[in-house]
Amino acid sequence: MSAKQMVSRGQVHVYTGNGKGKTTAAFGLAIRACMAGKKVFIGQFMKSIKYNETHIAEHFDNISVEQFGKGCMLLRVPDEEDKRQAEEGLRMCSQYLKSGDWDIVMFDEVTIALHMELISLEKLIEALDNRASNTEVVLTGRYAPQQLIDYADLVTDMQEVKHYYANKGLLSRDGIDR
């Protein structure tokens, strides 16, 4: 039996943990898929700043990036607009998952949106359950809940050993400093 025969449905990946590199790993996977001729949608939750990785869509026709966030959430408490944007992101990503038009759909920082209670785990699981059979899913962010870890086919837990933001009020092992 070949590896392709063993996997009959697109897999769910979770990149979580306090270590740096979750989004970078996911974007690396997106580039690999793109170079194989696959079509990739990247939905960035909690972000509105045009970080360098968002420019990837300018260089590849088969990658699309959309952001569902408002400013930096590290230094403030989320409000109703943050919740509205996160819910809209989940709605749109759910549609892309279901359509079958995308080979990979990435929910970047979605577990932070879950952690901050901007979206519900039940609605995220429902979206995953209703995805097209050929669609691979990548979920990133700290604090992935155990139910999502149990649901996923592949989980990578990136551990922080040392980080240049530690002890500067921007990151916390117990949660996001507010």
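This note comments on a predicted model of a protein chain, point by point.

1. Overall make-up. The protein chain contains 6 helices and 6 strands. Read from the N terminus, these elements follow the order α-β-α-β-β-α-β-α-α-β-α-β. The chain has 178 residues, and buried residues account for 46% of them.

2. Contacts across the sequence. Consider the contacts in the protein chain between residues at least 6 apart in sequence: 71% of these join residues at least 24 apart. Several of the points below describe individual links between separate parts of the chain.

3. The packing of α3 and α5. Helix α3 spans residues 80-99 and helix α5 spans residues 121-129; their axes lie 9 Å apart, at an angle of about 15°. Angles under 35 degrees count as roughly parallel, and α3 and α5 are therefore described as roughly parallel to each other. The crossing in which α3 passes α5 is right-handed.

4. The residues between these helices. On the α3 side, the contact is made by L90, S94 and L97, which meet K123, L124, A127 and L128 of α5. By character, the residues of this contact comprise 5 nonpolar, 1 polar and 1 charged.

5. Aromatic pairs. The structure holds 5 aromatic pairs. One of them joins F45 and F68, whose rings are 5.8 Å apart centre to centre with 50° between the planes, a tilted arrangement. F45 belongs to strand β2 (residues 40-45) and F68 to strand β3 (residues 63-68), so this pair ties together parts that are 23 residues apart in sequence. Both partners are buried: F45 has a relative accessible area of 0%, and F68 has a relative accessibility of 5%.

6. A second partner for F45. The ring of F45 also pairs with that of F107, with centres 6.0 Å apart and planes at 5°, so this pair is stacked. F107 lies in strand β4 (residues 104-108) while F45 lies in strand β2, so the pair ties together parts that are 62 residues apart in sequence. F107 counts as buried, because its relative accessibility is 0% and the cut-off for buried is under 20%.

7. An aromatic cluster. F41, Y96 and W102 form one aromatic cluster. Of its members, F41 falls within the residue range of strand β2, 40-45, and Y96 falls within that of helix α3, 80-99.

8. Q85 in helix α3. Is Q85, a residue of helix α3, buried or exposed? At 17% relative accessibility, Q85 counts as buried. Leaving out residues up to four places away in sequence, Q85 touches F68, G69 and K70. F68 is thus a residue to follow in two settings: F68 forms a tilted aromatic pair with F45, and F68 is also touched by Q85.

9. E53 in the loop between β2 and β3. E53 is located in the loop that lies between β2 and β3. With a relative accessibility of 26%, E53 counts as partly exposed. Apart from neighbours within four places in sequence, E53 is in contact with T23, F27, Q44 and K47. In the case of F27, the two residues are 26 residues apart along the chain, and their C-alpha atoms are separated by 7.6 Å.

Technical notes:
Residues numbered from 1 in each chain as written. Predicted model: local features only at pLDDT ≥ 70, side-chain atom pairs only at ≥ 80, totals over all residues. Heavy atoms only, no water. Axes fitted to C-alpha atoms, helices over the stretch in contact; angles between N-to-C directions. Helix = DSSP H or I, 4+ residues; strand = E, 2+ residues; numbered from the N terminus. Parallel < 35°, antiparallel > 145°, perpendicular 65-115°, else oblique. Left-handed = near helix turned anticlockwise from the far one by under 90°. Contact = heavy atoms within 4.5 Å. Nonpolar A, V, L, I, M, F, W, Y, C, P; charged D, E, K, R; others polar. Phe/Tyr/Trp six-rings, centres within 6.5 Å; stacked < 30°, edge-to-face > 60°. Buried < 20%, exposed > 50% of the residue type's maximum accessible area, 1.4 Å probe, protein only.
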